[in-house]
Amino acid sequence: MDADRELALSPDGKFVYAAGGNQVAVFGVQILSAQETLIVDTTIDSGAPNLSACTDAPNDCSLRGAIIKANNTPGAQTIMLASNTVYTLTIPGIGEDNAATGDLDIRDEVHIMGVPTHMGPEIIDGGALDRVFHILPGAKLTIEFVDIRNGFAQETEFLSGGAIFTRGG
């Protein structure tokens, strides 16, 4: 996020969005049985340990890193995206199922939320490298207030699901 924009969870469970030091929006969000809310604070596409810590420290939570952390943390996890931000996938690779390369593999229950305001869409852009999301058997993905663009189904066995591919289960 830019230094002058902030998305924070208030003590009463509401998200507060501020820009330039001024409160812009306060809204309540039902976080479905999540043990933790991961706030994505960088647009860099990386699952490196320094970008999947997802703590209160600045610039330590990429979208890929948040998904890897959610997949490795038992129970439902909520991932919050910054308003009016584009997250472009840039790591090529197909055929692995841990979100390290290519698509964002979902292995557990994950809820990805954009900011429900008029400020602009949050976009997850597949960069035409691979699908955007791959939901593995037994996993659950909920996406709200997010546009998904430029996915590409390139595997020869499963040529459908350029944005979201699920094997069911």
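The following paragraphs lead through a predicted model of a protein, from its overall make-up to its helix, core, cavities and several individual residues.

The chain has 169 residues, of which 44% count as buried. Its secondary structure consists of 1 helix and 13 strands, and the order along the sequence is β-β-β-β-α-β-β-β-β-β-β-β-β-β, with the helix placed after the fourth strand and before the fifth. Among the contacts in the protein with a separation of 6 or more, 62% are made by residues that stand 24 or more positions apart. The accessible surface amounts to about 8,000 Å², and carbon and sulfur atoms account for 51% of that area.

The helix, α1, is a convenient place to begin a closer reading. It spans residues 63–71, and because 8 of its 9 residues are buried, it is largely enclosed by the rest of the structure. The buried residues of α1 are L63, R64, G65, A66, I67, I68, A70 and N71, a list in which the charged residue R64 appears beside nonpolar residues such as L63 and I67.

What does the side chain of R64 meet in a salt bridge? The partner is D45, with a distance of 2.7 Å from N to O. R64 belongs to helix α1, whereas D45 sits in the loop between β4 (34–39) and α1, so the pair ties together parts that are 19 residues apart in sequence. Both R64 and D45 are buried. The whole structure holds 2 salt bridges, and the other one joins R149 to D147, whose closest N and O atoms are 3.2 Å apart. Here the setting can be read from the accessibilities: R149 is partly exposed, with a relative accessible area of 38%, and D147 is likewise partly exposed, with a value of 30%.

From the helix, the reader can move to the nonpolar interior. In soluble globular proteins, nonpolar side chains tend to be buried together. In this model the largest nonpolar core has 26 residues, and those with the most contacts inside it are L63, I67, I79, L81, I112 and F133. At least two residues of this core come from each of α1, β7 (104–106), β8 (109–113) and β10 (133–135), and α1 gives the most, with 5 residues. The surroundings of I79 illustrate how parts of the chain come together: with neighbours within four places in sequence left aside, I79 is in contact with L38, V40, L63, A66, I67, A70, V110, H111, I112 and M113.

The structure also contains 2 cavities of 30 Å³ or more. The second largest of them has a volume of about 40 Å³, and its lining is formed by T43, I44, D45, L63, Y87, T88 and L89. Two of these names have already been met: D45 is the salt-bridge partner of R64, and L63 is among the core residues with the most contacts inside the core.

Strand β4 contains E36, which is partly exposed at a relative accessible area of 26%. Although E36 and Q77 are 41 residues apart in sequence, their C-alpha atoms are 5.7 Å apart in space. Not counting residues up to four places away in sequence, E36 touches C54, K69, Q77 and T78. Of these, C54 deserves separate attention for its backbone, since it is a residue other than glycine with a positive phi, near 50°. C54 is found in the loop between β4 and α1, and at 7% relative accessibility it counts as buried.

A99 also has a positive phi, of about 70°, although it is not a glycine. This residue lies in the loop between β6 (86–88) and β7, and it is buried, with a relative accessible area of 0%.

On the other side of the helix in sequence, P74 lies in the loop between α1 and β5 (76–80). Is P74 buried or exposed? At 61% relative accessibility, P74 counts as exposed, and its C-alpha is 7.6 Å from that of D108, a residue 34 positions apart from it in sequence.

Notes
Residues are numbered from 1 along each chain as its sequence is written. This is a predicted model: local features need pLDDT of at least 70, side-chain atom pairs count only at pLDDT 80 or more; totals for chains, interfaces and linings use all residues. Side-chain values use heavy atoms; hydrogens and water are left out. Helices (H or I, at least four residues) and strands (E, at least two) are DSSP runs, numbered from the N terminus. Buried means under 20% relative accessible area, exposed over 50%, partly exposed in between (1.4 Å probe, protein chains only). Contact means heavy atoms within 4.5 Å. Accessible areas come from the Shrake-Rupley method with a 1.4 Å probe; for residues, only the protein chains shown count as cover. A salt bridge is a side-chain nitrogen of Lys or Arg within 4 Å of a carboxyl oxygen of Asp or Glu. A nonpolar core is a set of buried Ala, Val, Leu, Ile, Met, Phe, Trp, Tyr and Cys residues joined through side-chain atoms within 4.5 Å. On a 1 Å grid over the protein atoms alone, a cavity is a set of points where a 1.4 Å probe fits but cannot get out, and a pocket is an open set with protein on both sides within 12 Å along at least five of seven lines; lining residues have an atom within 4 Å of a point. Grid points are joined across faces, edges and corners, and a volume is the space filled by probe spheres set on the points.
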